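Thanks for making time for this one. I would like to walk through a single model with you, beginning with its cysteines and then moving on to the sheet and the helix.

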Amino acid sequence: MKTFSCDFGGGVLCELAVSETPPSKESSHILDLRWTGVPQKRHIHPYLRWVKTVNQQLADEWQVRLLHVLQTKRRRWQTWAYEPGAKPLLLREVKI
């Protein structure tokens with residue numbers, strides 16, 4: 001397991017655990033996500049920037065395509081695609 005962490009200040013920290021190797025098509029590369037402290041609305045955009053950077057780093061390292069669905073607001077979800085050597089691409093946004 002490989003771990004990434006980001007300190008958002010004010011006692012708010014996020015740790016993301018991923019597999020050491022690319023996941024199979026039926027599974028997720030994200031094994032665990034844990035917050036220390038209480039994330040607030042102001043942490044959402046920095047978190048999204050950080051997690052997209054982590055996903056792109058993994059796509060580049062593993063030389064695979066990855067998809068990740070992120071909740072950006074209470075009833076809003078985005079699907080992002082990551083390809084080696086490319087910028088993250090927003091594929092779809094769903095409002096429920």
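The sulfur of Cys14 has its closest cysteine sulfur in Cys6, at 7.6 Å, which is too far for a bond. Please keep in mind, as I go on, that this is a predicted model. Seen from the other side, the sulfur of Cys6 likewise finds its closest cysteine sulfur in Cys14, at 7.6 Å. A disulfide is counted here when two cysteine sulfur atoms lie within 2.5 Å, and by this rule the count comes to zero. Are these two cysteines buried or exposed? Cys14 is buried, with a relative accessible area of 0%, and Cys6 is buried as well, at 16%.

Let me turn to the sheet. It is an open sheet of three strands in the order 1-2-3, and the pairing is antiparallel. Strand 1, residues 2-9, and strand 3, residues 30-36, stand at the edges, and because each has a single partner strand, one side of each is left without a neighbour in the sheet. On average, and with direction ignored, neighbouring strands of this sheet are turned by 15 degrees against each other.

As for strand 2, which covers residues 12-18, six bridges join this strand to strand 3, the two running antiparallel, and Val18 stands opposite Ile30 in strand 3.

That leaves the helix. Which strands does helix 1 lie across? Helix 1, residues 44-62, lies across strand 1, strand 2 and strand 3, and runs at about 155 degrees to strand 1.

Definitions and conventions. Residues numbered from 1 in each chain as written. Predicted model: local features only at pLDDT ≥ 70, side-chain atom pairs only at ≥ 80, totals over all residues. Heavy atoms only, no water. Pairing = 2+ DSSP bridges. Helix = DSSP H or I, 4+ residues; strand = E, 2+ residues; numbered from the N terminus. Axes fitted to C-alpha atoms, helices over the stretch in contact; angles between N-to-C directions. Contact = heavy atoms within 4.5 Å. Buried < 20%, exposed > 50% of the residue type's maximum accessible area, 1.4 Å probe, protein only.
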